[in-house]
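Here is a friendly walk through a structure, written with a computational chemist in mind. Have a look at the sequence and the 3D view, then read on.

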There are 2 protein chains.
Amino acid sequence: MNHLFSIGIDIGGTNTDIGLVNDQGEVIAKQNLKTLQYSDHQLFVDDLVKAIQILVKDLDPASITGVGIGAPAANYYTGSIENATNLNMKGILPLRDMIHQQFPYPVVVTNDANAATYGEMIYGGAKGMKNFMMFTLGTGVGTGIVIDGKLVYGHDGLAGEMGHAILIPEGRPCGCGNKGCLEKYTSSSGIVWNCLELMPQYPDSILTKDVFHGMTGKNVSDAAKLGDPLAIATYERTGYLLGIALANAVTFSSPEAIFLMGGPIQAGDVFLDPIKRSFLKHKLFIFNRDIPILLSSLPENSVAILGAAALTR
Amino acid sequence: MNHLFSIGIDIGGTNTDIGLVNDQGEVIAKQNLKTLQYSDHQLFVDDLVKAIQILVKDLDPASITGVGIGAPAANYYTGSIENATNLNMKGILPLRDMIHQQFPYPVVVTNDANAATYGEMIYGGAKGMKNFMMFTLGTGVGTGIVIDGKLVYGHDGLAGEMGHAILIPEGRPCGCGNKGCLEKYTSSSGIVWNCLELMPQYPDSILTKDVFHGMTGKNVSDAAKLGDPLAIATYERTGYLLGIALANAVTFSSPEAIFLMGGPIQAGDVFLDPIKRSFLKHKLFIFNRDIPILLSSLPENSVAILGAAALTR
């Protein structure tokens with residue numbers, strides 16, 4: 001039996017993880033680049049190709065299915081990263097074509113949340129589901145949508161950007177130029193912002209001291225574990241808002257389930273319970289089946305690698 | 001050459017139109033029922049079947065492709081109308097099965113906005129488009145979504161209910177039980193509500209007298225034609241809000257174009273211009289192609305009949 005191998009790449013704002021994936025869906029070797037250090041397109045691609053070559057050097061070339069890449073603001077159709085707001089590499093980075101020049105295998109590029117969604121479908125809790133969506137919370141909020149068993153790309157290849165659906169018209173300013181985008185309320189920094197808005201009501205919170213040295217989502221999560229009322233109120237508020245966004249998404253595509261992943265979700269039930277409560281409250285009544293809110297069943301640091309790799313098969 | 005005929009039915013809150021459609025997509029004969037008069041499921045279905053039989057009585061049974069029905073709160077998978085809020089027939093109406101018992105041809109039931117969307121794709125301005133969506137404004141706001149050339153039904157068959165996506169959290173109460181649904185701001189009655197909210201700023205408006213005898217969307221539209229500043233401000237506000245909803249929908253599925261239809265749209269540029277301006281302002285910048293906002297190219301009173309009929313072919 002001939003085993004097949006794929007390269008899966010997860011390009012994030014801070015780190016780029018490059019994984020060699022076997023046909024059981026296991027990451028068997030890994031390389032890493034510090035994305036933040038690159039502003040030059042060619043230097044980044046050269047180092048990416050070097051990392052790939054290290055991973056595949058002992059493999060039979062015929063056993064390699066290709067390179068799958070999940071990246072912010074990536075366009076599946078053009079194979080480019082297009083004006084990513086959270087990368088130092090600006091403008092249009094024609095990643096697929098640049099890699100393909102040096103590494104003559106199929107190269108597939110998609111949005112990082114799409115890659116994770118695909119990974120969930122092929123290897124995770126969405127196995128067998130034909131209609132679902134995923135919300136990945138982190139620095140931003142990414143989304144991926146599966147309809148009839150296929151990732152939705154849309155006409156311009158840019159579907160699944162619900163982190164920039166406007167939740168609060170004329171709300172908080174967002175890096176995209178709009179105001180009130182979902183991600184300004186439910187990303188890590190959105191959670192901190194929610195916390196700061198609620199802080200005047202909780203002057204005794206242990207979080208009041210964190211304001212002075214740059215509060216993070218982790219501070220809020222740690223405080224919640226200690227039962228801090230401000231932290232708990234913050235997750236209540238965030239869950240309330242995310243629950244509305246999930247109910248809105250259901251009116252669009254009537255999914256079987258919704259998956260959540262990302263750092264903020266690790267806070268656990270203190271966050272999940274209010275999300276589920278708000279979702280149930282706001283879900284349109286005609287959707288009278290239970291639509292479960294599920295956690296990604298794949299390890300956080302490999303789901304996008306696995307999904308990206310699976311796109312090459 | 002053997003010609004084929006289909007029955008297309010558009011069930012609305014007030015009227016039910018039953019049309020005989022030929023294979024050129026023309027409605028060649030019509031029947032009508034007053035939906036409001038029916039609260040009994042069986043009586044309604046009996047009269048519907050009688051109307052169908054009148055239309056097909058001179059046709060070769062082999063030339064009939066079936067019956068397609070667009071209806072509020074209709075579920076494509078179950079073939080039922082499920083808890084429609086704007087019909088006197090309550091609960092679950094298993095329309096497909098009840099008609100099929102008396103009329104042994106294929107029967108397809110779908111949401112009225114889906115039927116209109118399908119009609120636009122087969123016979124109208126969306127011919128050849130693989131990814132688009134339609135917003136139908138009227139008593140409520142219906143939506144239909146096409147992805148990869150197929151109507152989206154989703155897991156529970158209830159996709160395309162974006163009229164009940166929450167635009168203003170904790171906003172105006174909606175018949176669905178939620179607050180702030182899109183349709184409370186952009187349906188005919190939503191437009192009247194917007195007008196009433198703005199009225200204190202326009203005490204000299206000719207619309208101030210309409211308050212006393214039940215203002216309608218038509219009053220606002222007529223006043224706009226006369227240049228009334230309140231009417232113009234009302235469409236400005238409504239267009240602003242609808243533009244946000246359209247921009248939000250784009251983040252979901254990256255459509256090639258968005259179609260609009262329905263009574264309020266007939267107000268013309270005084271409404272369309274603010275919709276387009278708000279859409280352009282709020283469309284996420286990565287969607288850097290022009291995504292046209294188009295009017296349905298089909299006659300208002302036949303698009304759902306044509307679409308429903310086309311579903312049987």
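The report below goes from the overall chain to the sheet, two chosen residues and the contact between the chains.

## Overall picture of chain A

Please keep in mind that this is a predicted model. Chain A contains 9 helices and 13 strands. Along the principal axes, its C-alpha atoms fill a box of roughly 60 × 45 × 35 Å. Does the radius of gyration of chain A agree or disagree with that of a compact globule? It agrees: for 313 residues a compact globule would have a value near 20 Å, and chain A has 20 Å.

Of the 313 residues in chain A, 52% are buried. The contacts also reach along the sequence: taking those in chain A between residues at least 6 apart, 65% join residues at least 24 apart.

## The five-stranded sheet

Chain A has an open sheet of 5 strands, in the order 3-2-1-4-8, and the pairing is mixed. The edges are held by strand 3 (27-34) and strand 8 (107-111) of chain A; each has a single partner strand, so one side of each is left without a neighbour in the sheet. From one strand to the next, the twist averages 15 degrees.

Helix 1 (residues 41-56) of chain A packs on this sheet and touches strand 1 (5-11), strand 2, strand 3 and strand 4 (64-71) of chain A. The direction of helix 1 makes about 160 degrees with that of strand 3 of chain A. Helix 3 (residues 112-123) of chain A lies across strand 1, strand 4 and strand 8 of chain A, and runs at about 125 degrees to strand 4 of chain A.

## Strand 1 and its partners

How many of the 7 residues of strand 1 of chain A are buried? The count is 7 of the 7, so strand 1 is largely enclosed by the rest of the structure. Both of its faces are covered. On one side Phe5(A), Ile7(A), Ile9(A) and Ile11(A) are buried, and on the other side Ser6(A), Gly8(A) and Asp10(A) are buried too.

Strand 1 of chain A pairs with strand 4 of chain A in the parallel sense, over 6 bridges. In that pairing Phe5(A) stands opposite Ile64(A) of strand 4 of chain A. With strand 2 of chain A, strand 1 of chain A pairs in the antiparallel sense, again over 6 bridges. Here Ile11(A) stands opposite Thr16(A) of strand 2 of chain A, and the two strands form a hairpin with 3 residues between them. Strand 2 (residues 15-21) of chain A is in turn joined to strand 3 of chain A by 7 bridges, and these two run antiparallel. Val21(A) has Val27(A) in strand 3 of chain A as its bridge partner.

## Two residues to look at

Gly144(A) sits in strand 10 (residues 141-147) of chain A. Is Gly144(A) buried or exposed? Gly144(A) is buried, because 29 other C-beta atoms lie within 10 Å, where 20 or more are needed. Beyond its neighbours within four places in sequence, Gly144(A) is in contact with several residues, including Ala113(A), Asn114(A), Ala116(A), Thr117(A) and Leu151(A). The C-alpha atoms of Gly144(A) and Ala115(A) are separated by 8.0 Å, with their positions 29 residues apart along the chain counted as separation.

Lys218(B) belongs to helix 6 (residues 217-225) of chain B. Lys218(B) counts as partly exposed, because it has 15 C-beta neighbours inside 10 Å. Lys218(B) and Ile147(B) are 71 residues apart in sequence and, from C-alpha to C-alpha, 34 Å apart in space.

## How the two chains meet

A turn of 180 degrees, with a shift of 0.0 Å along the axis, lays chain B on chain A with an RMSD of 0.0 Å. The two copies are thus related as by a two-fold rotation axis.

In the contact between the chains, 39 residues of chain B meet 39 residues of chain A. Strand 10 (141-147) and helix 7 (229-253) of chain B each supply at least two residues of the side of chain B that touches chain A. The largest share of that side, 6 residues, comes from helix 7 of chain B. By class, this side of chain B has 21 nonpolar, 13 polar and 5 charged residues. Of the interface residues of chain B, 100% are also interface residues in chain A, so the copies meet through the same surface.

Conventions: Residues are numbered from 1 along each chain as its sequence is written. Chains are lettered from A and ligands numbered from 1 in the order in which they are written. This is a predicted model: local features need pLDDT of at least 70, side-chain atom pairs count only at pLDDT 80 or more; totals for chains, interfaces and linings use all residues. Copies are superposed by least squares on the C-alpha atoms of residues with pLDDT of at least 70 in both. Two residues are in contact if their C-beta atoms, placed from the backbone, lie within 7 Å. Two strands pair if DSSP finds at least two bridges between them. Helices (H or I, at least four residues) and strands (E, at least two) are DSSP runs, numbered from the N terminus. Axes are lines fitted to C-alpha atoms, for helices over the stretch in contact, and angles run from 0 to 180 degrees between N-to-C directions. Ala, Val, Leu, Ile, Met, Phe, Trp, Tyr, Cys and Pro count as nonpolar, Asp, Glu, Lys and Arg as charged, and the others, Gly among them, as polar. The radius of gyration is taken over C-alpha atoms; the globule rule is 2.2 Å times the number of residues to the power 0.38. A residue is buried if 20 or more other C-beta atoms lie within 10 Å of its own, exposed if 12 or fewer, and partly exposed in between; C-beta atoms are placed from the backbone.
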